[in-house]
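Here is my note on the model you sent, set out as numbered points that can be read beside the coordinates.

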Amino acid sequence: MPLRFLYNILVNLAWTGLHVLALFQPKIKLFVSGRKETFPLLKEKLSPNAKTIWMHVASLGEFEQGLPILERLRSQHPNHQIVLTFFSPSGYEVKKNTPVADVTAYLPMDTLSNATRFLDLVKPELVIFVKYEIWPNYLDQLKKRGIPTFLVSAIFSKRQVYFKFYGGFMRNSLKTFSHFFVQDENSKILLQSIGFENVTVGGDTRLDRVSEILKRDNRLEFMDRFKNGQFCFVAGSTWPEDEEILINYINSVQEPIKFVIAPHEIKPAHVEKIIGALQKKVVCYSDMEDKNLKDFDVLIIDTIGILTKVYSYADFAYVGGGFATGLHNTMEPAVFGIPIIIGPQYHGFKEAEDLVTKGGILSISDQDGFNELMRKLIENPAKAKEQGIINSAYINANVGAANRILDHISQFL
């Protein structure tokens, strides 16, 4: 049985199974129902006579990587339409109204009929996939139509199927790309080992994005009142495994430190659980009106969209996910030149691996390790400042990926 035929069967079976799961899981329901709106949305919003650029991302993190490129494309090619597609609800639901695109939608499942219908409607002049997104039917159709297609901010490892003896089908999908822009030299070497020479080490476009954070106004009036000139520790995108360690420390610490916790999960029940476990004075962002914030020890950010600005008030930060589903964005606090603490599971996140090696990001594996690290940071502020400078210097040294990519792909527009 040809592998493409088997792949198509599996995709259709998965789509059927997702319809069943959607009856019980709200996130899967969004995944399914949102895709039913894609084709009507494209028909409604796209002009059939305008030239179109299409970018596809998996979720929010990949969107942040693609955003510097989209912003420059929007500026340099204002007469082109931009179509942005997401795979995951966690990305689409947050960014569905982004002004950087003319149409933002879910990518229909990777069936031959969907790929054909989608490309017939969009008629892209140029296509950009970000990081890990490899969808064989879409890529095959793009190749057959002769549409320049690029993979940007990509990162490859030996663990991936492309480099296994049984990975021929997925290796063939890689052959459809016009050019690869990878994050590091190792990815280039791996691609060359399986016959690809159309590879450029372009770097990580997220560094362009976070470097621009410093150019904007990051002031938050409520954070000025809460911090009140004291030492401030910000924990962002935390999961329960992170929160258990943080809460134990907060409850035991004697030093006058202000703590901010921005949980990944902000549903009221979860926030109430955090509040119930804390033995210090706690206030929530959603309930801080008319409160004298300087009198509180802990501020819980139970909203989205302001964490980056909150990081600008931190003397050092903790980034969650390293004990759970995957490390969150360490670059957003790093740009402010502060030391960062993470959990033990950071491998596969290049910037975290680099900065752990350099000493700007500090990894812990348990409560004792966290407590000891906090003690050292508090007792030696000069050393903490040096560690923070390592992080900001890393970003400054690695900006420019978006411009390198645009210099190449603009010749196709």
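1. Is Cys 232 buried or exposed? The model is a predicted one, and in it Cys 232 has a relative accessibility of 0%, so this cysteine counts as buried. Cys 284 is likewise classed as buried, with a relative accessible area of 10%.

2. Why does Cys 232 form no disulfide with Cys 284? A disulfide is a covalent bond between the sulfur atoms of two cysteines. The cysteine sulfur closest to that of Cys 232 belongs to Cys 284, and because the distance is 16 Å, the two are too far apart for a bond. Seen from the other end, the closest cysteine sulfur to that of Cys 284 is the one in Cys 232, again at 16 Å and again too far for a bond. In keeping with this, a search of the whole structure finds zero disulfides.

3. Strand E8, which covers residues 231-238, is mostly covered, and seven of its eight residues are buried. Strand E8 pairs with strand E9 (residues 257-263) in the parallel sense over seven bridges, and within this pairing Val 234 stands opposite Val 260 of E9. Between E8 and E9 the chain passes through helix H12 (residues 240-252), and the resulting β-α-β crossover is right-handed.

4. Strand E8 also pairs with strand E12 (residues 316-319), in the parallel sense and over four bridges. Here Ala 235 is the residue of interest, since Ala 235 stands opposite Tyr 318 in E12. As a reminder for anyone looking at neighbouring positions, in a regular strand the side chains alternate between the two faces of the sheet.

5. Which parts of the chain does the salt bridge between Asp 315 and Lys 227 tie together? The closest N and O atoms of Asp 315 and Lys 227 are 3.5 Å apart. Asp 315 lies in the loop between helix H14 (307-311) and E12, whereas Lys 227 belongs to helix H11, so the pair ties together parts that are 88 residues apart in sequence. Asp 315 counts as partly exposed at 29% relative accessibility, while Lys 227, at 17%, counts as buried.

6. The salt bridges come to 17 by count, and another of them joins Glu 212 to Arg 72, with 3.6 Å between the closest N and O atoms. Glu 212 sits in the loop between helix H10 (205-211) and helix H11 (221-227), and Arg 72 sits in helix H4 (residues 60-76), so this pair connects parts that are 140 residues apart in sequence. At 23% relative accessibility Glu 212 counts as partly exposed, whereas Arg 72, at 17%, counts as buried. In addition, a network of salt bridges links Glu 64, Glu 71 and Arg 209.

7. The side chains of Arg 145 and Asp 120 also meet in a salt bridge, at 2.9 Å from N to O. Arg 145 lies in the loop between H7 and strand E5 (149-154) and Asp 120 lies in helix H6, so the pair ties together parts that are 25 residues apart in sequence. Both partners are classed as partly exposed, Arg 145 with a relative accessibility of 33% and Asp 120 with one of 39%.

8. Two lysines deserve a look at their backbone angles. Lys 123 has a positive phi of about 50 degrees although it is not a glycine, and its place is in the loop between helix H6 (112-122) and strand E4 (124-130). Lys 131, also a residue other than glycine, has a positive phi near 65 degrees and is found in the loop between E4 and helix H7 (136-144). As for surroundings, Lys 123 is exposed, with a relative accessible area of 56%, but Lys 131 counts as buried at 13% relative accessibility.

9. Finally, which residues form a nonpolar patch on the surface? They are Leu 3, Phe 5, Leu 6, Ile 9, Leu 10 and Leu 13, which together have about 540 Å² of accessible area. Leu 3 belongs to helix H1 (residues 3-21) and is itself partly exposed, with a relative accessible area of 47%.

Methods: Residues are numbered from 1 along each chain as its sequence is written. This is a predicted model: local features need pLDDT of at least 70, side-chain atom pairs count only at pLDDT 80 or more; totals for chains, interfaces and linings use all residues. Side-chain values use heavy atoms; hydrogens and water are left out. Patches are made of residues with over 30% relative accessible area and no salt bridge: like charges are joined within 9 Å, nonpolar side chains (Val, Leu, Ile, Met, Phe, Trp, Tyr) within 5 Å. Accessible areas come from the Shrake-Rupley method with a 1.4 Å probe; for residues, only the protein chains shown count as cover. A salt bridge is a side-chain nitrogen of Lys or Arg within 4 Å of a carboxyl oxygen of Asp or Glu. Helices (H or I, at least four residues) and strands (E, at least two) are DSSP runs, numbered from the N terminus. Buried means under 20% relative accessible area, exposed over 50%, partly exposed in between (1.4 Å probe, protein chains only). Two strands pair if DSSP finds at least two bridges between them. A crossover is right-handed if, with the strands pointing away from the viewer, the path from the first strand over the helix to the second runs clockwise. A disulfide is a pair of cysteine sulfur atoms within 2.5 Å.
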